[in-house]
Amino acid sequence: MSDNFEITNMHLDILKEIGNIGAGNAATALSQLLNQKIDMHVPKVELVSFDEMFELAGGAEKEVASIYLRIEGGITGTMFFVLSIESANQFIRNLIQDETFDFHNVEQKEMGASALQELGNILSGSYLSSLSDFTQLNIYPTVPSLAIDMVGAIVSFGLVELSHYSDEVIVINTCITQDQGDGVSSFAGQFFLLPDPPSYVTIFKSLGVL
Amino acid sequence: MMQNQTVVRVGIADMNIVVGPKRIRTSGLGSCVGVVIYDPTRKIAGLLHVMLPDSNLGKSTRINVAKFADTGVPALVEMLKLEGARTFSLKAKMAGGAQMFQFGSSDTVRIGPRNIEAVREQLKKLSIPIIAEDVGGTKGRTIEFDPETSMLNIRTVNEGIKDI
């Protein structure tokens, strides 16, 4: 991955902690926004090929709603928040209290897109501000942008920067679900944080492990 | 089930070739470009899923030729020749190169159009005519090529299916 050092299990654990803290904060923010209980799953940190990365997000051809942003400042990288279309619908239904909302309805699409974009702003902002606190690095997101399309088409765009360095990617993958009570959960969304390879060293140095 | 067995899948930054009646497919092209180069008489077709325009952009010492337009197109042609395709009869079809997001560094945002240009340039260099293309726009595409009919089937999420 990088020319200078080997990524060890300890490094992966640290990245996992980043996913924990970041997505934990984002889940809290979402919980407040919806006034509902949000569960966060234990983050997974994996070194995967680009094709495997698509599989993590549901398969190259699956249609999803995804918020994309670049991370700039002390470290650089790419972040995605990926939702199935059904989850996106459900989120917006909750937010606007309208059970009839559907993304495939052209008249409603624009409002839905703007609501999701706002969701992206809130979630990525809370994820990254906790990451910034944790590492003491100055990290800021670009304006999030939304696409509703195939996983491969969306996620490959976020891999372009990375692909200059490598054919594999370290992905910090955290899943959140909404607790509907009685053990049923829905509205699953996934955060993918993909630091650019030169940023690994920066992250580890900032945390004193390199 | 039978259909799945006769379709060869190509991943991102990868390439492969088939001989009819097998078909060849790649899924979820965004800013990437899918290039099909084929010999219509011999029914041999190769598919390349290009991610970046130029291998000089690579910052790694190990190069995956299928990732870049400038190395991938010639490499695919070599593979086709080994399989018995004749250089003079080679033709091309391509799809992809969309602009999926409006934000990002300007180089990255324009990666789709740059991929398209780079592929065109390589095909021109090798005197391979482009018979049909469906490029640009803002939509993801899944493509499948049938060497028997030389048709390229293109599927998008919102705009349905078409053959070129």
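**Figure 1. Asn56(B) sits in the loop between strand S5 (44–50) and helix H2 (69–82) of chain B.** This is a close-up of a predicted model, as are the other views here. Asn56(B) is out in the open: its relative accessible area is 68%, so it counts as exposed. Now look for Phe68(B), which is 12 residues away from Asn56(B) along the chain. The C-alpha atoms of these two are separated by 9.1 Å.

**Figure 2. Two residues that aren't glycine, Gln97(A) here and Ala13(B) there, both carry a positive phi.** Most residues other than glycine have a negative phi. Gln97(A) comes in at about 55°. You'll find Gln97(A) in the loop between helix H3 (85–96) and helix H4 (106–135) of chain A. Ala13(B) also has a phi of about 55°, and its place is the loop between strand S1 (7–9) and S2 of chain B. Which of the categories, buried or exposed, fits Gln97(A)? Gln97(A) is exposed, with 71% relative accessible area. Ala13(B), on the other hand, counts as buried because its relative accessibility is 6%.

**Figure 3. A cis peptide bond links Gly20(B) to Pro21(B).** Most peptide bonds are trans. At this one, omega is about 10°. Pro21(B) belongs to the loop between strand S2 (15–19) and S3 of chain B.

**Figure 4. Chain B meets chain A.** On the chain B side, 36 residues are in contact with 30 residues of chain A. Between them the two chains bury about 2,700 Å², and 60% of that is on carbon and sulfur atoms. The interface has 3 salt bridges by the rule used. One of the bridges between the chains pairs Lys67(B) with Asp167(A), whose closest N and O atoms are 3.1 Å apart. There are also 10 residue pairs in polar contact across this interface, counting pairs with both residues at pLDDT 80 or more. Which elements of chain B each supply at least two residues of the side that touches chain A? They are strand S3 (23–29), helix H3 (106–109) and strand S8 (141–146). S3(B) gives the largest share, with 4 residues. Sorted by type, the residues on this side of chain B come to 12 nonpolar, 16 polar and 8 charged.

**Figure 5. Arg70(A) and Asp196(A) pair up in a salt bridge within chain A.** Their closest N and O atoms are 2.7 Å apart. Arg70(A) lies in strand S3 (residues 63–73) of chain A, while Asp196(A) is in the loop between strand S8 (185–195) and H6, so this pair ties together parts that are 126 residues apart in sequence. Both Arg70(A) and Asp196(A) are buried.

**Figure 6. Glu86(A) and Arg93(A) form another salt bridge in chain A.** Here the N-to-O distance is 3.5 Å. Glu86(A) counts as partly exposed because its relative accessibility is 45%. Its partner Arg93(A) is buried, at 16% relative accessible area.

**Figure 7. In chain B, Arg141(B) bridges to Asp134(B).** The closest N and O atoms of this pair are 3.0 Å apart. Arg141(B) has a relative accessible area of 6% and is therefore buried. Asp134(B) is buried too, with 12%. Elsewhere, salt bridges with shared partners join Glu61(A), Arg23(B), Arg25(B), Glu144(B) and Arg155(B) into one network. Over all chains, the rule counts 14 salt bridges.

**Figure 8. Ser199(A) is tucked into helix H6 (residues 197–206) of chain A and is buried.** Its relative accessible area is 4%. Leaving out residues up to four places away in sequence, Ser199(A) touches Ile75(A) and Thr76(A).

**Figure 9. Two stretches of chain A carry the UniProt annotation "domain: CheC-like protein".** According to that unreviewed entry, the annotation covers residues 10–46 and 111–146. Residues 10–46 are 68% helix and 16% strand, and the end C-alpha atoms of this span lie 13 Å apart. For residues 111–146, helix makes up 69% and strand 14%, with 12 Å between the end C-alpha atoms.

Methods:
Residues numbered from 1 in each chain as written. Chains lettered and ligands numbered in written order. Predicted model: local features only at pLDDT ≥ 70, side-chain atom pairs only at ≥ 80, totals over all residues. Heavy atoms only, no water. Contact = heavy atoms within 4.5 Å. Buried area = accessible area lost by both parts, 1.4 Å probe. Salt bridge = Lys/Arg side-chain N within 4 Å of Asp/Glu carboxyl O. Polar contact = N/O pair within 3.5 Å; in protein donor to acceptor, adjacent residues only side chain to side chain. Nonpolar A, V, L, I, M, F, W, Y, C, P; charged D, E, K, R; others polar. Buried < 20%, exposed > 50% of the residue type's maximum accessible area, 1.4 Å probe, protein only. UniProt positions renumbered as here; feature names shortened; annotations may be inferred.
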